[in-house]
Amino acid sequence: MSDPMNVLAPEHRRLRIGDAWRDAASGATFAVEDPATGKTIAEVADADVVDGLAALDVASKAMAQWAATPPRKRSELLTATYRALTERSEEVARLITLEMGKPLAEARGEVAYGAEFFRWFAEEAVRVEGRYNTAPAGGYRILTAPKPVGPCVFVTPWNFPLAMGARKIAPALAAGCTTITKPAGQTPLTMLLLARVMEEVGVPPGVVNVVTTKRAGEVVSALLADRRTRKLSFTGSTEVGRVLLRQAADNVLRTSMELGGNAALIVCADADMDVALDGAMVAKMRNIGQSCIAANRIYVEEPVREEFTARFAERMGALSVGHGLDDGVDVGALIDEASATTIEELVADAVDRGARVLVGGERPDGPGHFYPPTVLVDVPEDARMLEAEIFGPVAPIISFTSDDEVMAKANDTEYGLVGYIFTRDLQRALRFTEGLQTGMLGINRGLISDPSAPFGGVKQSGIGKEGSHEGILEYLDLTYAAIDLP
């Protein structure tokens, strides 16, 4: 097996600021581990406030020239990034698996998904439009001109270390903005590799900057307090999102927030059972369940509860667990020990309250942060896992008897990111579409993410949309000019 670390030379495990790869000003570093073994795989630069502001300096200086770069040129650079990622898919995927833990097959899927954002927004870059029209009362003309918002700060999560960065960087560059990305401390290597790829294809210095740090709070706070920053995009927990929104308010920053979820997956008695099972497996187990759009609560209508539960538990129990780089592995390691411990506690709490474990439920011995695919039934309504974001391979199954009942339960949460409904009744599907308080809905489908579709939630699951045509609008301000013309 080739060493995935060979794709990222030691000199590119430092901060990417302007045209240089540099050490942190303090010389500090931090370790990145393989979650499947607990062993250190790399040391990367540990930035402080001085480094963060240095990145903002170069992003601010590069802003005017990048904004003035012809849209076609920006488009071509994004297309080149798409092609480079696609050509290097295997080595990028191996690096993702090594630092994040997901199986290699899923990592390959993430590379394809992440690369597609660059292709999609390469196409959007040349379609940014304003308008010119006669004022209704006559006497003057109305001109609207979209302009890039300015330097952007991105805070990205560990669960999709390539795709979540791509989903922010691609539209920002398409719109003419410069960027500073602070990747998650658990998975900084993939973002550094992306920065290296974009350097190689010719993206100008200062446009894409990457600041790795274990001192995220102080570094990001300093960036948001600086008036040169004009946009913040964050993907992560609602708890952290609230903190960042308060900080962003001081300078009235444009914000995009993709926050937590508590997705209900609803299986109606009239559903195609094979389709529902396939969809539930994807919605629950994609990325080892470590996804904001993972099915957190599975509601099954009483007439088919027994059949669905038995077949779903059988499929969950048949999944193989191991190192993501090993052949035949379906479920890799969780990101860290804290995640595994949290899931243990959620399962123990449910069992203490009366839930039964059908499969899984106990961590294996040995190194790494593993937790087996787990199915619980008879989960009481006061179980913590029905309120918290599980973020792991654990599926609680709850029965329901009416649409009104399950709709009320599904909506009884502060979150509103996504829901899933399986039914062959079109009118029923439309009633759920209108009644569920979510920004997205999968109908007879467990996978909804697509660069061409608007991704985002309502309530405390976020603000704004990523992907689709709407995604580039998040990076554009609109200037209106009234032109006297009798």
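Helix H8 gives the largest share of the lining of the largest pocket, seven residues. This is a predicted model, where local features need pLDDT of at least 70, side-chain atom pairs count only at pLDDT 80 or more, and totals for chains, interfaces and linings use all residues. Residues are numbered from 1 along each chain as its sequence is written, and side-chain values use heavy atoms, with hydrogens and water left out.

Helices (H or I, at least four residues) and strands (E, at least two) are DSSP runs, numbered from the N terminus. A pocket is an open set of points on a 1 Å grid over the protein atoms alone, where a 1.4 Å probe fits, with protein on both sides within 12 Å along at least five of seven lines; lining residues have an atom within 4 Å of a point.

The largest pocket has a volume, the space filled by probe spheres set on the points, of about 1100 Å³. Its lining has 50 residues, and Pro157, Trp158, Gly236, Ser237 and Val240 are the closest to its centre. Besides H8 (238-249), the elements giving two or more residues are H5 (163-175), H7 (216-225), strand E10 (231-235) and H11 (337-352).

Now to helix H12. Which residues of H12 (403-411) are buried? Asp403, Val406, Met407, Ala410 and Asn411 are, buried being under 20% relative accessible area with a 1.4 Å probe, protein chains only. They lie on the same side of H12, because they cover an arc of only 130° around the axis, taken from the directions from the helix axis to the C-beta atoms. Their cover includes strands E12 (263-267), E13 (295-301) and E16 (394-400), and helix H13 (426-435), with contact meaning heavy atoms within 4.5 Å.

Conventions. Buried < 20%, exposed > 50% of the residue type's maximum accessible area, 1.4 Å probe, protein only.
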